[in-house]
Structure formats: C-alpha cells, structure tokens
Amino acid sequence: MSLRRYAAPVAALAATVTLGVAGPADATRDFRVTNPDSGGHSQPLSGRVVVIDPGHQLGNHRFPRQINRLVPAGGFKKPCNTTGTATNAGYPEATFTWQVSRVLKARLEQLGATVRLTRHSNRQDRWGPCVDVRGRDGNRLPADLKISIHGDGSYTPGARGFHVIAPTDRRPWTHDIYRPSRRLALDTRAALRSVGLRVANYIAGGDGLDFRSDLGTLNLSNIPTVMVELGNMRNPSDAHRMTSRAGRATYARGLAVAVRRFLG
Ligand code: ZN
C-alpha cells in the first residue's frame, strides 16, 4: 500500500550500501554480461547507480512500537512504516516487493548498473527501515534515480492494475526533483505498459499516475524518484500475477525498461 506511514530496521540499517558487485548468492549469474571486458554496448547502464526500495519489511507487524514511532516526512511527521497489505490468501506485500526487487536488481546489474537496496532481508524478526531513511537513501552518492516498489490493497470490487506515484512540487522538499520525477513516472508507466501491464482502473484520473505530497519516501529524496503500486493484491487477477514467478519477472522486466528509458 502507498503507506501513509512506514517502518525501519535496527542494526541492519548501517550497512545499506550494496554496490553492484555480485555477491556470493549472485555468483552464478552470467559472467559474460558482468565481465568488464564484455564491452560497453552490452552494459548500457555502466556507471549508473540505481536505488531500489522494497516496500515494508516482513516483520513490521511484530514491532508496533518501532513502526508507529513518528519520523520526519518532509515538513511534517508520520509513522516510521506500516505492515503493508497482502493477497486474500495471505501472501504479504513485503515479500512481493522483496522478490520483485531482487529480480530487478539482477537485471539492472546485468546491464552494468550499480544497485542499492534500502533493505537487505525479508524476515519476520526484522522491521523497517523507516520512511525517512528510505527517502534519503541514495541522496549522498548521489544515485541517478530511486524506485520504491509496492503492491496496493484496495477492497473495491474489480479494482486492478498498476499506478505510479510521483511527488508534487512541495517546496522546499521536492522542488529540486519533482520535474525529473514526473518524467520518471511517465517513463515507468510507458515501460510497464510495454510489457503488457494495464494501468489501474480505480485511481482518480484513470491514467495510471498519481501525484502526492504526503509520502516521506518521496519528499525526502534529492534524486528523481517514484513509487509504484504494481498491482492490487486484493484483486484475484492481479494477485495471480503477483504471486507467480513469471508475473514478478514481468514486473521486473518492465521496471528495468523504465530505468533504461529514463537514463537513456
Ligand atoms: Zn506498500
């Protein structure tokens, strides 16, 4: 869900830097593509830094005190995080965002990008990070862009499809990034459509775009950023895609196209 709040981890937070170097778990990936000698043309994102924010954390519901703590959100305060939603069968949003983010990270690294995630686990005994930490992630490098990944939880019958949320011009917080973030939103919508996904039929405007000033994750960013609600987890049709490996690969493929379009 597009958190009106959010949540943060404890010690795990310190080590938020995941440079694009393949770790042990990734070592079996295609060497030819990640090999620096493979030639620039096969790595169009070489030198680029992308931050992926997998929404929520699996254990948030077990840490209500930490999750409800108020944190800066861009001129106001709001809770650190939320539990996120789930499918009717109980597949959690935190797991969905984590799995899509992992696939997306691998795709972007194959294209030469350096990728950071805002969290490094999906565990019941962890919480967060808070929205302010997520919002600032990538500012210092600075990264080229940040995509926050979510699934929505609307109970409106028939509500389905994706939508992309970009920050409004909230001075002074987002004045520096709202224009490129809007461009990133348009690129993301086009990219998700290009892999066969449909825009949400239940968001005002019906064009798959939403502009909000109440999200700390967007307000605290100094780099172009969007939040994507990739589908409605309470809708059986969307849930079917979101719970399948092939479906999640489609979302990741679409988001990788979005990054390439934007950084093109
Ligand atoms: Zn969410």
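Here is a walk through this predicted model, from its nonpolar core to its aromatic pairs, charged residues and backbone details.

Let us begin in the interior. The largest nonpolar core has 38 residues, and the ones with the most contacts inside it are Leu108, Ile149 and Leu230. Many parts of the chain take part: β1 (49–54), β4 (114–117), β5 (145–152), β6 (163–167) and β8 (225–232) each supply at least two residues, and so do the helices α3 (93–110), α5 (178–194) and α8 (245–263). Helix α8 gives the most, with 7 residues.

Try finding Ile149 in the structure. Leaving aside residues up to four places away in sequence, Ile149 touches Ile52, Asp53, Pro54, Gly55, Thr97, Val100, Ser101, Leu104, Val228, Leu230 and Leu255. There is also a second, separate core of 7 residues. Among them are Phe63, Val71, Trp127 and Val131.

Two names from that second core lead us to the aromatic rings. A pair of aromatic rings is described by the distance of the centres and the angle of the planes. The structure holds 2 aromatic pairs. Phe63 and Trp127 make a tilted pair, with 6.5 Å centre to centre and 40° between the planes. Phe63 sits in the loop between β1 and α2 (64–68), while Trp127 belongs to the loop between β4 and α4, so this pair ties together parts that are 64 residues apart in sequence. Both Phe63 and Trp127 are buried.

How are the rings of Phe96 and Tyr251 arranged? Their planes stand at 90° with the centres 5.6 Å apart, so the pair is edge-to-face. Because Phe96 lies in helix α3 and Tyr251 in helix α8, the pair ties together parts that are 155 residues apart in sequence. Phe96 has a relative accessible area of 0%, so it is buried. Tyr251 is buried too, with a relative accessible area of 1%.

Now for the charged residues. Side chains of opposite charge can pair when their charged atoms come close. The structure holds 10 salt bridges. One of them joins Arg134 to Asp53, with the closest N and O atoms 2.8 Å apart. This pair links distant parts of the chain, since Arg134 is in helix α4 and Asp53 in strand β1, 81 residues apart. Both Arg134 and Asp53 are buried.

Another salt bridge brings together the side chains of Asp137 and Arg116, at 2.7 Å from N to O. Here the link runs between the loop joining α4 and β5, which holds Asp137, and strand β4, which holds Arg116; the two are 21 residues apart. Both of these residues are buried.

The salt bridge between Arg183 and Asp187, with the closest N and O atoms 4.0 Å apart, lies within helix α5. Its two residues are 4 residues apart, about one turn of the helix. Is Arg183 buried or partly exposed? Its relative accessible area is 43%, so Arg183 is partly exposed. Asp187, at 15% relative accessibility, counts as buried because the limit for that word is under 20%.

What about a charged residue with no such partner? Arg119, in the loop between β4 and α4 (131–136), is buried yet has no salt bridge. The nearest side chain of opposite charge, Asp53, is 6.3 Å away, which is too far because a salt bridge needs the atoms within 4 Å. The side chain of Arg119 does have polar neighbours: one of its polar atoms lies 2.9 Å from the backbone oxygen of Pro54, and it makes a polar contact with the side chain of Asn122 (2.9 Å). Other residues that Arg119 touches include His56, Trp98, Pro129 and Arg134.

Two of those neighbours show backbone details. His56, in the loop between β1 and α2, has a positive phi of about 65° although it is not a glycine. His56 counts as buried, at 0% relative accessibility. Pro129, in the loop between β4 and α4, follows a cis peptide bond from Gly128, with omega near 5°. The peptide bond from Leu141 to Pro142 is also cis, with omega near -15°, and Pro142 is found in the loop between α4 and β5.

Our last stop is Ile177, in the loop between β6 and α5. Ile177 counts as buried, at 1% relative accessibility. Ile177 and Ile223 are 46 residues apart in sequence, but 6.1 Å apart in space from C-alpha to C-alpha. Ile223 is among the residues that Ile177 touches, along with Pro167, Leu218 and Pro224.

Notes
Residues numbered from 1 in each chain as written. Predicted model: local features only at pLDDT ≥ 70, side-chain atom pairs only at ≥ 80, totals over all residues. Heavy atoms only, no water. Core = buried A, V, L, I, M, F, W, Y, C linked by side-chain atoms within 4.5 Å. Buried < 20%, exposed > 50% of the residue type's maximum accessible area, 1.4 Å probe, protein only. Contact = heavy atoms within 4.5 Å. Lys, Arg positive; Asp, Glu negative; His and termini not counted. Polar contact = N/O pair within 3.5 Å; in protein donor to acceptor, adjacent residues only side chain to side chain. Phe/Tyr/Trp six-rings, centres within 6.5 Å; stacked < 30°, edge-to-face > 60°.
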